[in-house]
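Biologist: Please take a close look at one part of this model, the places where charged side chains meet aromatic rings. Then work outwards from there.

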Amino acid sequence: MKRLTILRKTTLIVALLAVVGGALAADYAPVTDARLKAAASDDGWLMYRHDYTSSGYSPFDTINAGNVGGLKQVWDYKTAFEQGHESPAIVNGDYLYITTPKDELVAFQASTGKQLWRYQHDLSQVGLKTVCCDVVNRGVALYGNDVYMATLDNYVVALDAVTGKLQWKKQLLAADEGAAMTLAPLIVKGKVIVGLSGGEYGARGFITALDAKTGKQLWKQYTIPAPTEPGGKTWPKGAYKTGGGGAWLTGTYDAESDTLFWGVGNPGPWLATLRPGDNLYTDSVIAMNPATGKIKWNYQYTPNDTWDYDGTNETVLTDIDYQGVQHKAIVSASRNGWFYAIDRTDGKLIYAQKFVTATSVSGFKDGKPVTDPAMRPTIDKEVFTCPSFLGGKNWWPISVDPKTHTSPPCIPA
């Protein structure tokens, strides 16, 4: 969750989103599995990354180079917070939802800016001292007639999308013990899927699914395996219990193969000499069965990370032609400075390309990243390497144009 805050304003301008969808319905339309599956062509913006492919791409063309100069502000809303605002506006018909720092959720009439309701999650008894690296919230998920939010004290709350009435809330872990949740949930087939933050504070990361109707926990998959589990031998004895591996950005879903993809954060403690081994599944993307959470495969971007490079950056589903061969791929611009294209059917590397100066990860052998030993700090050795701990790309997202299969700045996807 280490990042620069791109937006530190108390006013959110949402005039553009109010017109993007064209004519806006007055009544709330339930968000079904079919609508989520077809979210890329929906008139609204139904989920954090727009659609299950995590494209982050807006297909709307009402606003273009010819008329953008004539845009005028329609309405705005001033929040009470000076911290970073990182929630996209989620739009369903004439309903628009944002979250703010410290877990406030506000519903508006998108066309007018009229506030419909407001929910403030009670954090009055929460210390927030082990929340890294700001008390942000990245947004909501919609399903049926409800809206879902994860919180800094590790609750998932479900609210009526029209009235704001609390439907249920479920706490997944005690507050103030090294873990928090800042991500927007992902809905897959009636399951509310969330991940944990806390790689800096001795947490053991996990991804979990809750029943959308009741909040019942359906499965829980740790991102740091125990010694008897696959990958468990990549940690020193006992280290898995506090190994980090936060899953603090929203995942991606491939409906065709029924596979959930989720990025996993940095290992702990930061200094790698204290935990020899690859330290799976940190700094990785993992492919899971969304019905059970069982891991199908993983690809690790940075083995035995000692630079805080994480692996949480969004994985975008896109089909690519590389050197004359067609691939069903996932692509991700990693904090370590490399742009990865990975076969999403088996987790094999298709190609990797530097997009910034990258000296810590120096190359690849047999599809696996190779790190430069000279760029590894120790207790008594300081190094200068690239990228810094802020990464070649931090949490701010990429987008992939599904027509041209490119991601700015025109990296082939």
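Modeller: Lysine 220 lies over the face of phenylalanine 206, and the distance to the ring centre is 4.3 Å. A second such case involves arginine 204. Its charged end sits over the ring of tyrosine 222, 3.8 Å from the centre. Keep in mind that this is a predicted model.

Now take glutamine 221. This residue belongs to strand β14, which covers residues 217–222. Is glutamine 221 buried or exposed? Its relative accessibility is 18%, below the 20% limit, so glutamine 221 counts as buried. Leaving aside residues up to four places away in sequence, glutamine 221 touches Phe206 and Ile207. Its other contacts of this kind are Met288, Gly293, Lys294 and Ile295. Phe206 thus appears twice here: glutamine 221 touches it, and lysine 220 lies over its ring.

Next, rings against rings. The structure holds 16 aromatic pairs. One of them joins tyrosine 28 and tyrosine 95: the ring centres are 5.1 Å apart and the planes meet at 80°, so this pair is edge-to-face. The pair links distant parts of the chain, with the two positions 67 residues apart in sequence. Tyrosine 28 is in the loop between α1 (15–20) and α2 (33–37). Tyrosine 95 is in strand β4, residues 95–100. Tyrosine 28 has 12% relative accessibility, so it counts as buried. Tyrosine 95 has a relative accessible area of 11%, so it is buried too.

Elsewhere, five aromatic residues form one cluster: Tyr299, Tyr301, Trp338, Tyr340 and Phe364.

Then there is open space to consider. The second largest pocket holds about 440 Å³. Its lining has 22 residues. Closest to the pocket centre are Ala40, Asp51, Thr53, Ser55 and Pro402. Two elements give two or more residues to this lining, β15 (252–254) and β19 (316–322). β19 gives the most, with four residues.

Last, confidence. The mean pLDDT of the chain is 91, and 92% of the residues reach 70 or more. Residues 1–25 are another matter. There pLDDT stays under 50, although the model has 83 contacts beyond four places in sequence for this stretch.

Terms used:
Residues are numbered from 1 along each chain as its sequence is written. Side-chain values use heavy atoms; hydrogens and water are left out. Rings of Phe, Tyr and Trp (its six-membered ring) pair if their centres lie within 6.5 Å; planes under 30 degrees apart count as stacked, over 60 as edge-to-face and the rest as tilted. Buried means under 20% relative accessible area, exposed over 50%, partly exposed in between (1.4 Å probe, protein chains only). A charge sits over a ring if NZ of Lys or CZ of Arg is within 6 Å of the ring centre and within 35 degrees of the ring normal. pLDDT is the predictor's confidence in each residue, from 0 to 100. Contact means heavy atoms within 4.5 Å. On a 1 Å grid over the protein atoms alone, a cavity is a set of points where a 1.4 Å probe fits but cannot get out, and a pocket is an open set with protein on both sides within 12 Å along at least five of seven lines; lining residues have an atom within 4 Å of a point. Grid points are joined across faces, edges and corners, and a volume is the space filled by probe spheres set on the points.
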